[in-house]
Amino acid sequence: MQTLYVELGERRYPIFIGSDLNPQSLLAPYIHGQQVMIVSNETVAPLYLEHYQQSIQALGKTVATCILPDGEKYKNSEHLNLIFDALLQAGFNRDCTVLALGGGVIGDMAGFASACFQRGVYFIQVPTTLLSQVDSSVGGKTGINHPLGKNMIGAFQQPQVVLADMSQLDTLPDRELSAGLSEVIKYALLGDSGFLVWLEQNMDGLVQRDAHLLAEAVYRSCAHKARIVANDEKEQGERALLNLGHTFGHAIESYLGYGEWLHGEAVAVGMIMAADLSHRMGWLSADDVQRTKNIILRANLPVVCPKIPLDQFLSYMSHDKKVLNGQLRLVLMKQLGKAVITKEFDVELMKQAILANQR
């Protein structure tokens, strides 16, 4: 097992990364109060809920559960209320702990619920997908979607601990694994050219689920994110770099309908659009763009999106959280492994990059 820490002063918390981790011993110091609400979904619960329920009950805790339907399309206020219903019906008080057992949707919703219930209760992340292990479970961003924009309603709610168990990836569908690799590739492109070389050398093994390679990818991704979050918890500056590909990707998700494409799939095409625009601005070479496409293709991810009317694509982009004073800011690449946040881009070139990467 490897351990990383997100350094936030008194709110410092660990990320445990390994296989067949023991939740009873690892989570015991981080469960507050006697009441634990495990939030999961209909896919993950049959696989792992009983194990976590029994482990926590063995600590003398009262455990209740809230099982939501599985999918991005359920990440909304209606299903968020089901968590509040479960907490209230179980008679939970403000000294309770909410545990998210699932992927990014469950983590985001359970975290947001924990931030709101009785104005804030304790929160634990047990991410069961690669995407949630390397990205959404770390850093405290929680929330739900709105028809006009993804993740537009939420709160910063840091967990007490993150437990990333590589053995849970054995049950992950291939498509979901690839979606997680998209976020792994993102870390390399935005800030670590050496990691990009490592991914190029090891992508085949990652796709084939080599446990040691996956653990290394998770560790390196989390280490990168933990450093950025420690420097900029509330995304006032550097943390926005973590949105490489996301402004374009969220537009794709919003237009197609949440859940039609997985988040990582949309981000993959978004990163190619960002690379394409960076090339049109003279920052990346044509070879750099092709190198970006190649690593994304090797992860079994799409490199173009369905045709989306440009005016609607731009409308969804205008609702992005990085819009500041009415002006869109993008995360682009000065070079592979070095991203920047900028509002200094040519809108016509951006339109060309969007259109060039649709089919």
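Me: How much space lies in the largest cavity?
Reply: About 80 Å³ in this predicted model. A cavity is a set of 1 Å grid points, over protein atoms alone, where a 1.4 Å probe fits but cannot get out. Volume is the space filled by probe spheres set on points joined across faces, edges and corners.

Me: How many cavities of 30 Å³ or more does the whole structure have?
Reply: The search finds 2.

Me: Back to the largest. Which residues lie nearest its centre?
Reply: Lys150, His250, Tyr316, His319 and Asp320. They belong to a lining of 11 residues, meaning those with an atom within 4 Å of a point.

Me: Which elements give two or more residues to that lining?
Reply: Strand 8 (149–156) and helix 9 do. Both are DSSP runs numbered from the N terminus (helices H or I, at least four residues; strands E, at least two).

Me: How does the lining of the largest cavity split by class?
Reply: There are 4 nonpolar, 4 polar and 3 charged residues. Ala, Val, Leu, Ile, Met, Phe, Trp, Tyr, Cys and Pro count as nonpolar, Asp, Glu, Lys and Arg as charged, the others, Gly among them, as polar.

Me: Any ground rules on numbering and confidence?
Reply: Residues are numbered from 1 along each chain as its sequence is written, and side-chain values use heavy atoms, leaving out hydrogens and water. As a predicted model, it needs pLDDT of at least 70 for local features and 80 or more for side-chain atom pairs, while totals for chains, interfaces and linings use all residues.

Me: Helix 9 again. At what angle does it cross helix 12?
Reply: Roughly 115 degrees. The axes of helix 9 (residues 246–256) and helix 12 come within 8 Å. Axes are lines fitted to C-alpha atoms over the stretch in contact, with angles from 0 to 180 degrees between N-to-C directions.

Me: Which residues meet there?
Reply: From helix 9, Thr247, Phe248, Ala251, Ile252, Ser254 and Tyr255. From helix 12, Gln312, Phe313, Tyr316 and Met317. Contact means heavy atoms within 4.5 Å. By class that is 7 nonpolar, 3 polar and no charged residues. Tyr316 also lies among the residues nearest the centre of the largest cavity.

Me: And helix 12 with helix 13, how far apart are the axes?
Reply: 11 Å, at an angle of about 115 degrees. Helix 12 covers residues 310–318 and helix 13 covers 347–356.

Me: Who touches whom in that pair?
Reply: Leu310, Phe313, Leu314 and Met317 of helix 12 meet Met350, Lys351, Ile354 and Leu355 of helix 13. The contact has 7 nonpolar, no polar and 1 charged residue. Phe313 and Met317 of helix 12 also meet helix 9.

Me: New topic. What is the volume of the second largest pocket?
Reply: About 180 Å³. A pocket is an open set with protein on both sides within 12 Å along at least five of seven lines.

Me: Which residues sit nearest its centre?
Reply: Tyr122, Phe123, Gln158, Pro159 and Gln160, out of 14 lining the second largest pocket. That lining has 7 nonpolar, 5 polar and 2 charged residues.
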